[in-house]
Amino acid sequence: MSDFYFSNIVLIQSTFTVLLLALSIQIQFRMGVFSFAGAAFYGMGSYGTAIFVLHYGFDAISATAAIVAICAVTGYLLSLILQRLTGLYLAMATVAFVMIVTVVAHNGGELTGGSVGLFGVLTTPEISVPHLAVVCAVVVAAMIFSERGSMGRRIEAVREDPELASAMGVNVARYRRMSFVISGVLGALGGALNILMMTAIAPENIGFPLIVLALTIIIVGGSRSWLGVLIGALIFTWLPVMLEQVGTYQSIVYGIIVAIAAIFMPGGITGVVTDLYRRRTARRDSAALEDEAEAERRADAADDEAAAELGAELAGTGAHSAPTGESR
């Protein structure tokens, strides 16, 4: 087990950070907000943490806390700017935001390292895989809470029918603003932990490729639940290692996987599993109802038969008692 851990430690680290990246976008999709701002916040988290550590001497915790707070505020301000946009227009606006962050990273001079990027981000305390696991566990627990109970129902209402949700007293605008803030927190957290583990960041590590990666994870895994994002993150973090034999054809394989998922599994892997479970439950309940109905029919038939026998006995008793009364 230890040999597997140390030989694949980079992939394990990437699984956790990619999970946070995908969740930063999926949480907005769940609230009906078609936004890719999480990829921009991921880039801001990586570069911001590196800048705080290298240029201002922050430690790992203070640098992470500072950039998470900055991205949360940025997410709130962005939600105010884009509050009138929906659908494709909102998506394009957030893609533009991602591109702006990439351009700033390319042209930031000594602050961002230009096209070379920043490297040597070594801090104390040193961030390790157990720290990543704890952070992701806390985030997943929060996602589970948001999917259940009244909170989950309100989020579904905001996504499925905003007008009806508003009529029922749900503040739709507040939930959408909240989605940008949460996206900023999760994206910045993933980017910060990534740079603290990898110690280097360059412009080609952020930007549009992050959107493609996160969207692929969400489509294949499933957009309605954190579990689908986790499954997608595992698949697309470890799949490149398995596809090393195909070399340059990896992109083709990726495209085929995404196309198959989009056509035959619109709800992702979790959607397929959920549908199968519901069908199996429906068949089991239907069989149980049929068995119950059959048992009731048999019970009714037995009662009818017993009633008929009792009627026959009473009739026979009356026939024997009648002559006795006449003789008297």
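A disulfide is taken here as a pair of cysteine sulfur atoms within 2.5 Å, and a search of the whole structure, which is a predicted model, finds zero of them. Cys-71 is in no disulfide, and the nearest cysteine sulfur to its own, that of Cys-136, is 17 Å away. Cys-136 is likewise in no disulfide, its nearest cysteine sulfur being that of Cys-71, at 17 Å. Because the cut-off for a disulfide is 2.5 Å, a separation of 17 Å leaves Cys-71 outside any such pair. Both cysteines can also be placed by their accessibility: Cys-71 has a relative accessibility of 0% and therefore counts as buried, while Cys-136, at 3%, counts as buried too.

Cys-136 offers a way into the helix packing, since it is one of the residues of α6 that meet α2. Helix α2 covers residues 9-30, and helix α6 covers residues 129-147. The two helices pack with their axes 10 Å apart and at an angle of about 25°, so that α2 is roughly parallel to α6. Their crossing is left-handed. On the α2 side the contact involves, among others, Ile-9, Ile-12, Gln-13, Phe-16, Leu-20, Leu-23, Ile-27 and Arg-30, and on the α6 side the partners include Val-129, Leu-132, Ala-133, Cys-136, Val-139, Val-140, Met-143 and Glu-147.

What surrounds Gln-13, one of the α2 residues in this contact? Setting aside residues up to four places away in sequence, Gln-13 touches Val-129 and Leu-132, and also Met-197 and Met-198. With a relative accessibility of 9%, Gln-13 counts as buried, and its place is within helix α2.

Helix α2 has a further partner in helix α10, which spans residues 208-221. Here the axes come within 9 Å and cross at roughly 75°, and α2 and α10 are therefore roughly perpendicular to each other. The contact is made from α2 by Val-18, Leu-21, Ala-22, Ile-25, Gln-26 and Phe-29, and from α10 by Leu-210, Leu-213, Ala-214, Leu-215, Ile-217 and Ile-218.

Phe-29, which takes part in the contact with α10, leads on to the aromatic rings. The structure holds six aromatic pairs. In one of them, the rings of Phe-29 and Phe-34 have their centres 5.6 Å apart and their planes at 50°, so the pair is classed as tilted; that class is the one left for planes that are neither under 30 degrees apart, as in a stacked pair, nor over 60, as in an edge-to-face pair. Phe-29 counts as buried at 17% relative accessibility, whereas Phe-34 is partly exposed, with a relative accessible area of 35%. Ring pairs also bring in Phe-36, and they link Phe-29, Phe-34 and Phe-36 into a cluster.

Another pair is formed by Phe-52 and Phe-58, whose ring centres are 4.9 Å apart and whose planes stand at 10°, so this pair is stacked. Phe-52 is buried, with a relative accessible area of 16%, while Phe-58, at 31% relative accessibility, counts as partly exposed.

Three individual residues complete the tour. Met-151 lies in helix α7, which runs over residues 149-160, and at 21% relative accessibility Met-151 counts as partly exposed. Leaving out residues up to four places away in sequence, Met-151 touches Phe-145, Ser-146 and Tyr-175; of these, Ser-146 is also among the α6 residues that meet α2.

Where does Thr-199 lie? The place of Thr-199 is in the loop between α9 (172-198) and β2 (200-201). Although Thr-199 is not a glycine, it has a positive phi of about 70°, and with a relative accessible area of 23% Thr-199 is partly exposed.

Finally, is Leu-289 buried or exposed? At 57% relative accessibility, Leu-289 counts as exposed, because the cut-off for that class is over 50%. Its place is in helix α13, which covers residues 268-327. Leu-289 and Leu-239 are 50 residues apart along the chain, and their C-alpha atoms are separated by 45 Å.

Technical notes
Residues are numbered from 1 along each chain as its sequence is written. This is a predicted model: local features need pLDDT of at least 70, side-chain atom pairs count only at pLDDT 80 or more; totals for chains, interfaces and linings use all residues. Side-chain values use heavy atoms; hydrogens and water are left out. Buried means under 20% relative accessible area, exposed over 50%, partly exposed in between (1.4 Å probe, protein chains only). Helices (H or I, at least four residues) and strands (E, at least two) are DSSP runs, numbered from the N terminus. Contact means heavy atoms within 4.5 Å. Rings of Phe, Tyr and Trp (its six-membered ring) pair if their centres lie within 6.5 Å; planes under 30 degrees apart count as stacked, over 60 as edge-to-face and the rest as tilted. Axes are lines fitted to C-alpha atoms, for helices over the stretch in contact, and angles run from 0 to 180 degrees between N-to-C directions. Angles under 35 degrees count as roughly parallel, over 145 as roughly antiparallel, 65 to 115 as roughly perpendicular and the rest as oblique. A crossing is left-handed if the near helix is turned anticlockwise from the far one by less than a right angle, and right-handed if clockwise.
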